[in-house]
Amino acid sequence: MLSIRNLHANVAGKEILKGINLEVGAGEVHAIMGPNGSGKSSLASVLAGREEYEVTEGEVIFNGKDLLDMAPEIRAREGVFLAFQYPVEIPGVSNINFLKTAVNDVRGHHGLPPLTPKEFLQLTREKQKLVEFDAKLVNRSLNEGFSGGEKKRNEILQLAMLEPKLSILDETDSGLDIDALRIVSAGVNKLRSKDNAFVLITHYQRLLNYIVPDFVHVLWNGKIIKTGTKELALELEEKGYDWLKQESVALDN
Amino acid sequence: MVVSTSTLYDQLIESFGDVKIANPVRAKAMEAFRKNGFPTIKDEYWRFTNLRPFLNDNFVVVNEGLGSLDANEIKACIEEGEIEDLDAYKLVVVNGVLSEEFSNLPQSNTISIRPLAEISEDSTFLDKINNRLDIEKPMNSLAALNTAMFSDGFYIEIAANAILDKPIHVFNIYGYSENVFLQPRNMVVVNKGAQIEIVETYTCAGDKLYFINSVSDLFVDSNGSLTHSIFQNGKNAERVVNHTQVTQQKDSHYANYIYSIPQSAIIRNNLNVELEGSNIETHMYGLYLAGKNQLIDNHSLVDHLFPHCESNQLYKGVMIEGGKAVFNGRIYVHEDAQKTNAYQSNNNMLFSNDSVVHSKPQLEIYADDVKCSHGTTIGQYDAEALFYLQSRGVSEEHARAMLVIAFANDVTSKIPNEALRNHVEEKVSATIAQANVTI
Ligand SMILES: Nc1ncnc2c1ncn2[C@@H]1O[C@H](COP(=O)(O)OP(=O)(O)OP(=O)(O)O)[C@@H](O)[C@H]1O
Ligand SMILES: [Mg+2]
């Protein structure tokens, strides 16, 4: 589904991604871990099409198409979804109207007619239930005054509504209370299918108990320095990152 | 010495007939214009709005009533001015003259809707026009010119305690086969305890230049309520200077909503409100979207003369494609006007790096127990928010429109009439979605 090959990217003239290689197949769940500032959100941003990032080398192929060539909204319509680490607040834009526009713009891209108000309401109700999202929040301004956890849940509600092929969750677990983490994870697990894939960026092994990954990658200094299975996450929990950093430096020399 | 566009100036002086000079108000007004000429940028209140380039063309100074529009053309103009789903009476004014044929007026003896010309010949009429409008001030010289020369417009009067069940939609329609300088004059009288809502649209047919120098006199007597919306979306060939003079008596309510979108080359709105009693409420909301080759200028004055009144001015601007805007909001609180609440704010959002906004609050407060505030902001749209919306599949154009509608929301949410609110939001969205963004 997703092939990232030798991806290099700069932000503000500084190289942040220094040759990322990653293959994500349909039906798979990948976890990306790594120290603060290593480039995890940057990778997610490049995939979502954030303008500040300049790709200097490499390619990203998504379902046979050149992802980097697409405008951010086209990527979304083609099925890439990024649940942001820090969702923005947009006062004055109603959550529900925004959802409607997004759902219908995505449908339009696939030659589908817009949902009728009734169908849309039904879909919203169903997905709201799935992530146990407070109905009151749906009618408020987009993320405005939402608590940290409410914002994260709203990201997952949007994910559920848009049914993307590739979902990238950037630290969605940070800021969620224990119950919310369970609910959101259960929601994600219900959304999993053989046709879609998830990339979970996280600092905590705990999330991976709920959403069990097929692969765990460690990103450091703009590169994936280690790939393993879910056991790698346990090992990291115990030993931290230093041993991997040293290995990586030794390898580079 | 007169520093003015001489040909038009001379033509105006010349066309001022002997008959009208017989009237002292008209004569005084003409004298004021003769002396002051067209406003220039040397006048503090016209500093950023240079009318000169807009007056240099050849214009025919016409009396209202002439002009050339056939029934089909009028119908087309009405259609253009239509507001979807607005359940309203229709007052169609063609070249300044009320058209019974195309109008659909309320059938009630509590409301009188007439051509102004019918009553302006009355000897006492000129005493009725708003004497709070100081035509001798150079800044008001165009209003003076209108006072001297107007021949027609609409007159609406609602009887005491009457409540009109639906708004009146005034279709101001113009059609001439040459460049024209027009001076319509309108008057609205809301008697004690009466309530009325007026919505105005403007449509100019053809491709000739139109310079519209209009004046409206509005009176809201005690306990009365007037809700007044003006929608300005003319063509580039339209140049508008519009002076609205409002007088409110105690316990009354006046709300002015003004929406300006491309492409009229210049729009200057003067809105002066005199609060001549206590417990008055005044709301002034403006939403302007200044586009290519366009200047939109809102000048307001709220004059607090009595205690316990509240005024609220909120003007929001969106600048695209090098459009320019001016906002000058004056609040004057007289010594006796204790316990005044007067608020003002002007916020601007830029989508163009060669747009210019001149924003100036002017507070003159001579009472000590008052609450007054003002604020101005000029900023770019939030790129993070735009990206967020796009990352969910919303097109850049839709996303931009959503952000602008969100920005305008504290003005549009105040529009009491849903059809009008939808109309404004739609026009603004469509304009912003097509805009070429350079920032
Ligand atoms: N706009 C920017 N300008 C300059 N530097 C930036 C910019 N955006 C990111 N960076 C830098 O890029 C590096 C990688 O940041 P990124 O947000 O990708 O890290 P991360 O792995 O997601 O970290 P965390 O675990 O703390 O979320 C950091 O050093 C950060 O300061
Ligand atoms: Mg991060």
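## A tour from ligand 1 to the sheet of chain B

Begin by selecting S41(A) together with ligand 1 in this predicted model, where a backbone N or O atom of S41(A) lies 2.8 Å from an oxygen atom of the ligand. With ligand 1 still selected, switch on its surface: taken alone the ligand exposes 640 Å², and the protein buries 65% of that. Colour chain A by secondary structure next, and the elements that each give two or more residues to the shell around ligand 1 stand out as β2 (14-24) and α1 (40-48), with α1(A) supplying the largest share, three residues.

Add K40(A), from which a polar side-chain atom reaches to 2.7 Å from an oxygen atom of ligand 1, and then S38(A), which has a polar backbone atom 3.2 Å from an oxygen atom of the ligand. Widening the selection to the 16 residues around ligand 1 brings in G37(A), S42(A) and H203(A), which are among those that come nearest; by class, this shell has five nonpolar, eight polar and three charged residues.

Now move to chain B and display its open sheet, in which 10 strands with mixed pairing follow the order β3-β2-β6-β9-β11-β13-β15-β17-β19-β21. At the edges stand β3 (97-98) and β21 (371-380) of chain B, each with a single partner strand, so one side of each is left without a neighbour in the sheet.

Within this sheet, select β13 (residues 253-260) and β15 (residues 281-290) of chain B, which run parallel and are joined by eight bridges; Y259(B) has L287(B) in β15(B) as its bridge partner. Finally, show helix α10 (residues 396-412) of chain B, which lies across β15, β17 (310-319) and β19 (341-350) of that chain and runs at about 165 degrees to β17(B).

Terms used. Residues numbered from 1 in each chain as written. Chains lettered and ligands numbered in written order. Predicted model: local features only at pLDDT ≥ 70, side-chain atom pairs only at ≥ 80, totals over all residues. Heavy atoms only, no water. Pairing = 2+ DSSP bridges. Helix = DSSP H or I, 4+ residues; strand = E, 2+ residues; numbered from the N terminus. Contact = heavy atoms within 4.5 Å. Axes fitted to C-alpha atoms, helices over the stretch in contact; angles between N-to-C directions. Near = heavy atom within 4 Å. Polar contact = N/O pair within 3.5 Å; in protein donor to acceptor, adjacent residues only side chain to side chain. Areas by Shrake-Rupley, 256 points an atom, 1.4 Å probe, with all protein chains shown as cover. Nonpolar A, V, L, I, M, F, W, Y, C, P; charged D, E, K, R; others polar.
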